[in-house]
Amino acid sequence: MRLTDEEKAMRDGRDGEAVARAMDLLIRYGQALGAEDFVETRNVCGTYTASTPFMRDFALAKSRESQKNPPSSQSSSLAAAQDASDLQDESGLDAVYSEFNLDSTQVVSVPKVKAFSSHLQLGFDPHHPVEMGVTPEIVQFYRRSEAMAARRGVQMLNTCTPYQVGNLPTYGEHCAWMESSAVVYINSVLGARTNCEGRESTSAAMLTCRIPNWGYHLDEPRLATVAVDLDITIDSVEDWGLLGYWMGDWVQDQVAVIDGLRATPNMPRLKHFGAAASSSGGVELFHIVGVTPDARSREQALGGRKPVELRRYGARERAETFARINATGKDREVDYVMLGCPHYTIEQIWEAAQLIEGRRVHENCALWIFTPGAIKAMADRNGYTRIIEKAGGKIMTDSCSAMSRAVPPGTRVVALDSAKQAHYLPAILGVQAWFGTTAQCIDAACTGRWQVMA
Ligand code: F3S
């Protein structure tokens, strides 16, 4: 790869061992991708902390190892930790970071991030350890890991939707984000530029402000190659989830342009659409004529070329997709209703609060709603949390059932308003899933039964 003087200096250790390893990782990654150079990025979203039992065990083992051996036998940077308590506190966490974020078996001390870096969702909600099935020890370990990340400059947004709580990339901004639903949203709706990165590449980007210049950072791969013509009105969140699920299944990782919209979607609708498309397929970018910034016209989205394939989406496609998403739903007794995939907006919490106010969650059912911590603070302030909790539901943050693999004990049947979660939960936990509208889900929570719409 072609490196600038700045990149060579980082690679050669000017900014310390961790940054050198980050550059080395990015160079190897870029070479494997065929990238010729790097783009600069000041906006990274990744996973910095250790919230899984495996990482905790790994870190604790490394920490014990470091305490047994004198500092002289460890890397010089570790030995240079500020004081003994710092070493004891952070050596295990540095070990996790070195191994899992920088692909380095040697433990290096990790400096502050250079790029504006945001943390994505976690493996559990630390505010609800009992529901998440995690011990106080794990929560305590996570808290240390979070404090370390914050000290090193990472913004603890802890959500799959950073764009709704303080990290809203601008049009054309080069980013390095992971989390498929967030990637497809910022690429498509905001016109930012990112590929779907991983834990290692985002961590290296946090320390270097660099990411390989390939894929959706370039102009050509961002053009649509296939097209969808709509024959029906796409209006509700459910409609958008179904269209996304159908489209992803068809296009896989191709870029599609959608034409024929009769109603303008808002943020929650586009959030659900992209999340569904990136679940049934590998969609990281889409265009919608008249809605997304690179599709003022169909011709613009296609770069003046004809689509290699054109498909129509109508009532039949919608019905078939609906049946496919609901394929695992058999029993009508619902044990658990999960809302908030991707994490709910304040508008969606407001809607849920209005739907459930004055009602009660059925004694055989549970209702959990997932949202970013910052949105939960707004819901608290607006009284929505009180309404939902009074009804017997819970608002949780930082994670979700698919990420945490946590559902109420004994759950066999779930109800969801998210095509993405309906795609993953049966596969991950072997439960049955019903997919429908938010109103249907709230009804299921309050009656304990799934009503099939006529
Ligand atoms: Fe977010 Fe979990 Fe869905 S992390 S996109 S709520 S699977």
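**Exercise 1.** Which residue in S4 does Ser-117 stand opposite?

*Solution.* The model is predicted: local features need pLDDT of at least 70, side-chain atom pairs count only at pLDDT 80 or more, and totals for chains, interfaces and linings use all residues. Residues are numbered from 1 along each chain as its sequence is written, and side-chain values use heavy atoms, with hydrogens and water left out.

Step 1. Strands are DSSP runs (E, at least two residues) and helices are runs of H or I with at least four, numbered from the N terminus. Two strands pair if DSSP finds at least two bridges between them.

Step 2. S3 (residues 116-119) is joined to S4 (residues 154-155) by 2 bridges, and these strands run parallel. Ser-117 stands opposite Val-154 in S4.

**Exercise 2.** Identify the residue of S3 that faces Val-44, and describe the pairing of S2 with S3.

*Solution.* Step 1. S2 (residues 43-46) pairs with S3 in the parallel sense over 4 bridges.

Step 2. Val-44 has Ser-117 in S3 opposite.

**Exercise 3.** Assess the overall fold of the chain.

*Solution.* Step 1. The chain contains 19 helices and 15 strands. Its radius of gyration is 23 Å, close to the 22 Å that the globule rule gives for 454 residues, so the chain is as compact as a globular protein of that length. The radius is taken over C-alpha atoms, and the rule is 2.2 Å times the number of residues to the power 0.38.

Step 2. Of the 454 residues, 58% are buried (under 20% relative accessible area, 1.4 Å probe, protein chains only).

Step 3. Among contacts (heavy atoms within 4.5 Å) with a separation of 6 or more, 77% involve residues 24 or more positions apart.

Notes
Buried < 20%, exposed > 50% of the residue type's maximum accessible area, 1.4 Å probe, protein only.
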